[in-house]
Amino acid sequence: MQFSESWLRTLANPPIDTAALSHLLTMSGLEIENCDPVAPPFEGIVVAQVLSFEKHPNADRLRVCRVDVGGGEVLQIVCGAPNVVEGMKAPLARVGAKLPAADGAVMEIRRAAMRGVDSEGMLCSARELGLSDDQSGLLVLPADATVGRNLRDALDLNDQLFTVKLTPNRADCLSILGIAREVAALTGTPLTPPAIPAVPAMIEATHPVRISSPDGCGRFTGRVIRNVNANAATPDWMRQRLERAGQRCISALVDVTNYVMLELGRPLHVYDADKLRGPIDVRFGRTDESLELLNGQTIALDPTVLAITDDRGPIGLAGIMGGETTKADLETTNCFLEAAFFFPDAIAGRARRYNFGSDASHRFERGVDFDNNVEGIERATRLILDICGGEAGPLSDVVANLPERPPVRMRVERARKVIGVAISAGEMGEIFDRLGLPSAREFGADGETFVVAPPSYRFDLAIEEDLIEEIARVYGFDRIPALPP
């Protein structure tokens, strides 16, 4: 999983630098495979605004621009970009600026005469700054960017990209919130999850849902949202976070669902409500059924594959990918937002059977929090209303069958023996508290024992050794002495 350090620090911001944070996560069992800057080094680039331009007197494809660089200073810049327009904001490399060049070299911007016209700098594309391969025109900056501000600060280009290599049991860390929980537990830093207030219903519209296969789907939460503007632009702040997490921006509605999945670890799906026919039913497939998926692939279903259906038949591959016939697109005005809990055994291996994978299947087959359906819908609803407008209906939550999470017992003396360090019971209890694991201490024939109630998002806590591992990694593997047996 890839994510930006700046996004992580909005939820947990310990007073340590990037290198220390990366090392701490790796030593706790969340291996940081790569830590890379979001932009190559460059300097002298500022936010500029094109005030006006005119055709170059000696070149058909060049324009002579008057550019505001802040502080009342206006420069003359010769530019060949086809997308330059009056009023736009774009990066400007001032005279003396240093840009990345091929083979690690540095290019310094100098005052130059281009076809007989002086140019006091260079307006830049994303490729010229090393931000992407796009050289189709100038990099268009947000309209609210402050003219004259250093570009690295304006676009948060000193940010770092972390790539974490997770073991299959740590599905709870396939989200920014999950990683932030770890950071808070390891450092004692307060955890500040996003505020998710309930969105009041503005209309009465609902869509009926039933779960015919509770052994595959345990919970299905949804909400109708009417009169949305599906053509609304995804906000720059969301687009930046998604792109730095390796997600391609598609449309505002889809981008919101991807954002909530990355933020909360909650996969969502958005349907065009006007394309649904009858109630949604979650059931296993039938041998005579097929489904065209969003990726253009048509698959044959069978009784081992969990499907989302309506009166016409399958409209989605549960926990994996939606169907083409009910997808929300730029023509959508009424949508139905879905958050479901699917049992890992009902999802595992199905995507690979059809020779593809998805972000949703990667999470569901490892275990998704079955207690954040409502939070996921509320968070996505608020974002959709803020970005696309519309009116939300009441939230419906059908609960059919949720996993049982029996308490797990851990003997204090057993933990000390396995870890090899005489950690006090008080420190063990503190570690459980920092990890958000509700625990109680008991005394009996086995001595002092902790009884821990695994949270709904921790599918990896089932036996005593799991709790001992939690104590060891938060205590610190590097604090455990190497002693001969």
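Among contacts in the protein between residues at least 6 apart in sequence, what percentage join residues at least 24 apart? The figure is 71%. Keep that in mind as we walk through this model, which is a predicted one.

Let's start with the overall picture. The protein has 485 residues, and 52% of them count as buried. DSSP-wise you're looking at 13 helices and 26 strands. Lay the principal axes through the C-alpha atoms and they fill a box of roughly 90 × 65 × 40 Å. The exposed surface comes to about 21,700 Å², with carbon and sulfur atoms supplying 49% of that area. As for charge, there are 50 positive and 68 negative side chains, and the centres of the two sets sit 2 Å apart.

Now zoom in on one sheet. Five strands make it up, in the order β12-β15-β18-β19-β20, and the sheet is open with mixed pairing. Its edges are β12 (209-211) and β20 (321-322), each of which pairs on one side only.

The β18-β19-β20 end is a good place to linger. Strand β18 covers residues 306-310 and strand β19 covers 313-317, and the two pair in the antiparallel sense over four bridges. They form a hairpin, with two residues between them. If you want to trace the register, T309 has P314 in β19 as its bridge partner, while I308 is matched with G316 in β19.

G316 is handy for stepping across to the next strand, since this glycine also stands opposite G322 in β20. β19 and β20 run antiparallel and are joined by two bridges. Here again you get a hairpin, this one with three residues between the strands. Have a look at G319 in that turn: its phi is positive, at about 70 degrees. And how covered is β19 itself? Mostly: five of its five residues are buried.

Glycine is one thing, but what about positive phi elsewhere? As background, most residues other than glycine have a negative phi. R115 has a positive phi, near 55 degrees. You'll find R115 in the loop between β8 (112-114) and β9 (117-119). With a relative accessible area of 55%, R115 is exposed, because the cut-off for that class is over 50%. N227 also has a positive phi, near 60 degrees, and lies in the loop between β13 (217-226) and α5 (236-244). At 48% relative accessibility, N227 counts as partly exposed, so it falls short of the over 50% needed to be called exposed.

Next, the cysteines. How many disulfides does the structure hold? Zero. Take C217: the closest cysteine sulfur belongs to C335 and is 19 Å away, so the two are too far apart for a bond. C335 is in no disulfide either, and its nearest cysteine sulfur, that of C388, is 8.0 Å away. A disulfide would need the sulfur atoms within 2.5 Å, which means that 8.0 Å won't do. Both sites are shut away from the surface in the model: C217 counts as buried at 0% relative accessibility, and C335 counts as buried at 0% too.

Let's finish with two more buried residues, beginning at the N-terminal end. S4 is found in strand β1, which spans residues 2-4. Is S4 buried or exposed? Buried, because its relative accessible area is 2%, and the class takes anything under 20%. Which residues does S4 contact, leaving aside neighbours within four places in sequence? They are D159, Q160, L161 and R244.

E378 is the other one, sitting in helix α10 (residues 373-388). Despite its acidic side chain's formal count among the negatives, E378 counts as buried, at 9% relative accessibility. Setting aside residues up to four places away in sequence, E378 touches I196, P197, A198, V199, R223 and L395. For a sense of span, try the C-alpha to C-alpha distance from E378 to K55: the two are 52 Å apart in space and 323 residues apart in sequence.

Definitions and conventions: Residues numbered from 1 in each chain as written. Predicted model: local features only at pLDDT ≥ 70, side-chain atom pairs only at ≥ 80, totals over all residues. Heavy atoms only, no water. Pairing = 2+ DSSP bridges. Buried < 20%, exposed > 50% of the residue type's maximum accessible area, 1.4 Å probe, protein only. Contact = heavy atoms within 4.5 Å. Areas by Shrake-Rupley, 256 points an atom, 1.4 Å probe, with all protein chains shown as cover. Charge placed at Lys NZ, Arg CZ, Asp CG, Glu CD.
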